[in-house]
Amino acid sequence: MTLGPNLLHLVLLVCALPCARYALSEMRHRPLPRGRLAAPALLAMACALVFLLFHLGLQRPPWVFAAALAGGLAIGALRGFTLQLQVDHMFDKVRLPRARGSFLVALGLVAAVLLEIGGSLAGPTGLPFRTIAPEIAAACAGMLTGRAMAIAMRWRGAPHVDLHRL
């Protein structure tokens, strides 16, 4: 494992910060198009793939990362299936309840990125932070992805609500 920040840390920041921004826009209770709903999950999964490289670089067993990702997927899917959706099928938009959970999970992903960058700047003393950051990121990415997949599965069967007038 190399010491100090590298280009992958910049990629993590470029993915994690917009992920938090898109999750914040979900929290505002406005109708969202389908692509905007999928954006946080896609950005979080990109972060998780980069963190997988760091995880494997630390010579840690891959099942730990996979278990964190699978646990996050299960929790996110459970949350996605319990949300109350308002879907406008004509304009292909959805409105989610004022849930702060996805934004807090996205902030957890940003915190994992900051732990990784801070640990790389600290050198050998930052190694404990760098060992836990990939699992945190995998769990957060799994939660956002599981939630988005559950909402996408429920989208078509949800009753129509006119969202363009509200």
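A cavity is here a set of grid points where a 1.4 Å probe fits but cannot get out, and its lining residues are those with an atom within 4 Å of a point. In this predicted model, the lining of the largest cavity is made up of Glu 26, Leu 37, Pro 40, Ala 41, Leu 144, Arg 147 and Ala 148. Two elements, helix 2 (34-57) and helix 5 (127-155), each give two or more residues to that lining. Sorted by class, the lining holds five nonpolar and two charged residues, with no polar ones. The volume of the largest cavity is about 40 Å³, and the count of cavities of 30 Å³ or more comes to one.

With the cavity placed, the overall fold can be described. The protein has five helices and three strands, which follow one another along the sequence in the pattern α-β-α-α-β-β-α-α. The radius of gyration is 17 Å, close to the 15 Å that the globule rule gives for 166 residues, so the protein is as compact as a globular protein of that length. Taken along the principal axes, the box filled by the C-alpha atoms is roughly 55 × 25 × 20 Å.

The sheet comes next. Its three strands lie in the order 1-3-2, forming an open sheet with antiparallel pairing. Strand 1 (32-33) and strand 2 (86-88) stand at the edges; each has a single partner strand, so one side of each is left without a neighbour in the sheet. The pairing of strand 1 with strand 3 (residues 93-95) is antiparallel and runs over two bridges. A helpful place to look for this pairing on the structure is Pro 33, whose bridge partner in strand 3 is Lys 93.

Among the helices, helix 3 and helix 5 can be followed as a pair. The axes of helix 3 (residues 62-82) and helix 5 come within 6 Å, crossing at roughly 35°. The crossing of helix 3 past helix 5 is right-handed. In the contact of these two helices, 15 residues are nonpolar, seven are polar and four are charged. Helix 5 thus appears twice in this account: it takes part in the contact with helix 3, and it is one of the elements giving two or more residues to the lining of the largest cavity.

Note on methods: Residues numbered from 1 in each chain as written. Predicted model: local features only at pLDDT ≥ 70, side-chain atom pairs only at ≥ 80, totals over all residues. Heavy atoms only, no water. 1 Å grid on protein atoms, 1.4 Å probe; cavity = no way out; pocket = protein on both sides within 12 Å on 5 of 7 lines; lining within 4 Å. Points joined across faces, edges and corners; volume = space filled by probe spheres on them. Helix = DSSP H or I, 4+ residues; strand = E, 2+ residues; numbered from the N terminus. Nonpolar A, V, L, I, M, F, W, Y, C, P; charged D, E, K, R; others polar. Pairing = 2+ DSSP bridges. Axes fitted to C-alpha atoms, helices over the stretch in contact; angles between N-to-C directions. Left-handed = near helix turned anticlockwise from the far one by under 90°. Rg over C-alpha atoms; globule rule 2.2 N^0.38 Å.
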